[in-house]
Amino acid sequence: MEINNVSLIMTTGPLPLPLFNHSASAGIPYPTDDHIRDVINLNEFLVKEASASYLVEVKGDSMIYAGIEDGDMLVVDCSIGAMNNDIIIASLNGDLTVKRYVVEHGITYLVAENYKYNKIEVRPDDSFEVIGVVLRSIR
């Protein structure tokens with residue numbers, strides 16, 4: 001899976017959207033009322049640390065079983081340290097990738113969420129850096 005585009009998150013002001021009182025039925029539709037329950041600022045909802053966050057467009061299918069598909073935008077935070085099993089943006093030998101960060105018995109692996117791909121062992125002589133932790137995927 002490749003990283004296609006990287007964009008900064010603009011937080012110069014709120015991005016308020018209305019939140020309705022009723023949820024949307026995935027089964028039989030029911031009528032909704034016109035009452036708005038609240039207004040949600042998407043910047044507050046999606047971004048934890050705005051100055052250390054950015055968006056990344058995904059290219060490829062290696063993370064589909066984690067719900068990350070080709071063309072999705074990922075919200076990435078560089079201020080969070082990666083924990084075992086986090087989904088991260090990493091630089092491995094100069095290439096950016098999105099994978100699950102796994103440490104087993106002191107060995108670091110980058111693991112795809114698609115059985116078509118093998119896990120990648122990060123060797124001591126590799127140039128490896130965790131760029132940020134993926135917080136959300138937006139389709």
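**A first look at the salt bridges, strands and cores**

Let's start with E121, which is partly exposed, with 33% of its relative accessible area. Here, buried means under 20% relative accessible area, exposed over 50%, and partly exposed in between (1.4 Å probe, protein chains only). The model is predicted, so local features need pLDDT of at least 70 and side-chain atom pairs count only at pLDDT 80 or more, while totals for chains, interfaces and linings use all residues. Residues are numbered from 1 along each chain as its sequence is written, and side-chain values use heavy atoms, leaving out hydrogens and water.

**The chain as a whole**

- You will find one helix and 10 strands in the chain; these are DSSP runs numbered from the N terminus, with helices being H or I of at least four residues and strands being E of at least two.
- Going along the sequence, the order is β-β-β-α-β-β-β-β-β-β-β.
- Of the 139 residues in the chain, 32% are buried.
- Among contacts with a separation of 6 or more, 60% are between residues 24 or more positions apart; a contact means heavy atoms within 4.5 Å.
- About 9000 Å² of the chain is exposed, and carbon and sulfur atoms supply 53% of that area (Shrake-Rupley method, 1.4 Å probe; for residues, only the protein chains shown count as cover).

**Strand 10 and its partners**

- Strand 5 (residues 73-77) pairs with strand 10 (residues 128-138) in the antiparallel sense, over five bridges; two strands pair if DSSP finds at least two bridges between them.
- Within that pairing, S137 of strand 10 is the residue opposite L74.
- Strand 6 (residues 87-92) also runs antiparallel to strand 10, joined to it by five bridges.
- Look for S91 here: its bridge partner in strand 10 is E129.
- A handy rule for reading strands is that, in a regular one, side chains alternate between the two faces of the sheet.

**Salt bridges**

- Side chains of opposite charge can pair when their charged atoms come close.
- Six salt bridges are present in the structure, each being a side-chain nitrogen of Lys or Arg within 4 Å of a carboxyl oxygen of Asp or Glu.
- One of them joins the side chains of D61 and K116, at 2.8 Å from N to O.
- D61 sits in the loop between strand 4 (53-59) and strand 5, and K116 in the loop between strand 8 (107-111) and strand 9 (120-122), so this pair ties together parts that are 55 residues apart in sequence.
- D61 is partly exposed at 24% relative accessibility, whereas K116 is exposed at 58%.
- Another salt bridge links the side chains of D72 and R139, at 3.0 Å from N to O.
- Because D72 is in the loop between strand 4 and strand 5 and R139 is in the segment after strand 10, this pair ties together parts that are 67 residues apart in sequence.
- D72 is buried at 2% relative accessible area, while R139 is exposed at 66%.
- E69 joins D72 and R139 in a network of salt bridges.
- E121, our starting residue, forms a salt bridge with R123, and their closest N and O atoms are 4.0 Å apart.
- R123 is partly exposed, with a relative accessible area of 46%.

**Nonpolar cores**

- The largest nonpolar core has 11 residues, including Y54, M63, L74, I87 and V134; such a core is a set of buried Ala, Val, Leu, Ile, Met, Phe, Trp, Tyr and Cys residues joined through side-chain atoms within 4.5 Å.
- Strand 4, strand 5 and strand 6 are the elements that give two or more residues to this largest core.
- Strand 4 supplies the largest share of this core, three residues.
- Apart from this core lies another, of seven residues, among them I88, A90, L92 and V133.
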